[in-house]
Amino acid sequence: MSELYSLLIAPFVEFAFMRRALAGVVALSVGAAPVGVFLMLRRMSLVGDAMACAILPGAAIGYLLFGLAVLPMTFGGLVVGVFVAVAAGFVARTTVQLEDASLAAFYLISLSLGVAIISIRGSSVDLMQVLFGSVLAIDDTSLMVLGASATVTLLTLAVIYRALVAECVDQAFLRAVGGPSAATHFAFLVLVVVNLVAGFLALGTLLAVGLMMLPAAAARFWVRGLGATLALSIALALAASISGLLISYYVTIASGPAITLVAGFIYIASLVVGREAGWVVGLKPQKHRVA
């Protein structure tokens, strides 16, 4: 037991930066994983990746004006991310262009603008920190932002849950019965942006979407019900986060990529041995039902 304690628990007890990192990734897992499940159900998995890049100009402007201060970068990323989400949705609902095409256009413009802004100020080291983050450098302000993001996400999902599920199943039906289809859609996109901005603080712009989508995709191979999928996605995100932090601590590699790689390993393992449509289950002969 003492060896197990030294291996798994002692780093978080002995070092304050590990405790802050743990609290940060727990908050991020609780908020981002359920959002990833609904992105998957809505067949919008790649939207998270696009939006993760779209927030870069806002964060870059905050960085240009205030350096690596948390609140200006967070506010800038949130404003630009919401603008891109709303603009893409507006174009899709008022023109013949589909939302994925309009989002691709806006995110490419936004990404290019963000990289250009960052290049004005700093070195490649600064750019790497912005793009890939530093979980072990989370401060108290970042923890407050991450905690607020998780709280807002869970409360908002509780309010729009029924309409969001209905929209995932049949958007036309929700509109036909007078349901808040557009409001639900835009509220959900705002939640995506909020969690990507929060993930940006911990994992960086390019890796924030990993903890959002990989646990959600992995959970689908184990359970069927939506409630079970939401709960399991959170559990898998927590497992990936804690394991990634420990691997980063002992192997001395970047914590953000370590967390995302563990989440990727969980996804691959689930793909192979998951009891719901995993490869191994698919190879087994299926029993024929007799009427």
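Let's start from the outside: the chain's accessible surface comes to about 14400 Å², and carbon and sulfur atoms make up 71% of that. Keep in mind that this is a predicted model. Moving inward, 46% of the chain's 291 residues count as buried.

What is the chain built from? It has 15 helices and 0 strands. Its contacts reach well along the sequence, too: take those with a separation of 6 or more, and 74% of them join residues 24 or more positions apart.

Now pick out one helix, α9, which covers residues 140–169. How far apart should its ends be? With 30 residues at 1.5 Å each, helix α9 should span 44 Å, and its end C-alpha atoms are 40 Å apart, which agrees. Still, α9 has a kink of about 65 degrees, and the kink is centred on I160. I160 is also one of the buried residues of α9. On the way to I160 you pass other buried ones, including S142, V145, L146, S149, A150, T153 and L157. Beyond I160, the buried residues are A163, L164, E167 and C168.

Next, follow the chain along to helix α13, residues 226–251, where you'll find T229. Is T229 buried or exposed? Its relative accessible area is 4%, and buried means under 20%, so T229 is buried. And what does T229 touch, once you set aside its neighbours within four places in sequence? The residues in contact with T229 are then V37, A219, V223 and R224.

Conventions:
Residues are numbered from 1 along each chain as its sequence is written. This is a predicted model: local features need pLDDT of at least 70, side-chain atom pairs count only at pLDDT 80 or more; totals for chains, interfaces and linings use all residues. Side-chain values use heavy atoms; hydrogens and water are left out. Helices (H or I, at least four residues) and strands (E, at least two) are DSSP runs, numbered from the N terminus. Buried means under 20% relative accessible area, exposed over 50%, partly exposed in between (1.4 Å probe, protein chains only). Contact means heavy atoms within 4.5 Å. The expected span of a helix is 1.5 Å times one less than its number of residues. The bend at a residue is the angle between axes fitted to the seven residues ending there and the seven starting there. Accessible areas come from the Shrake-Rupley method with a 1.4 Å probe; for residues, only the protein chains shown count as cover.
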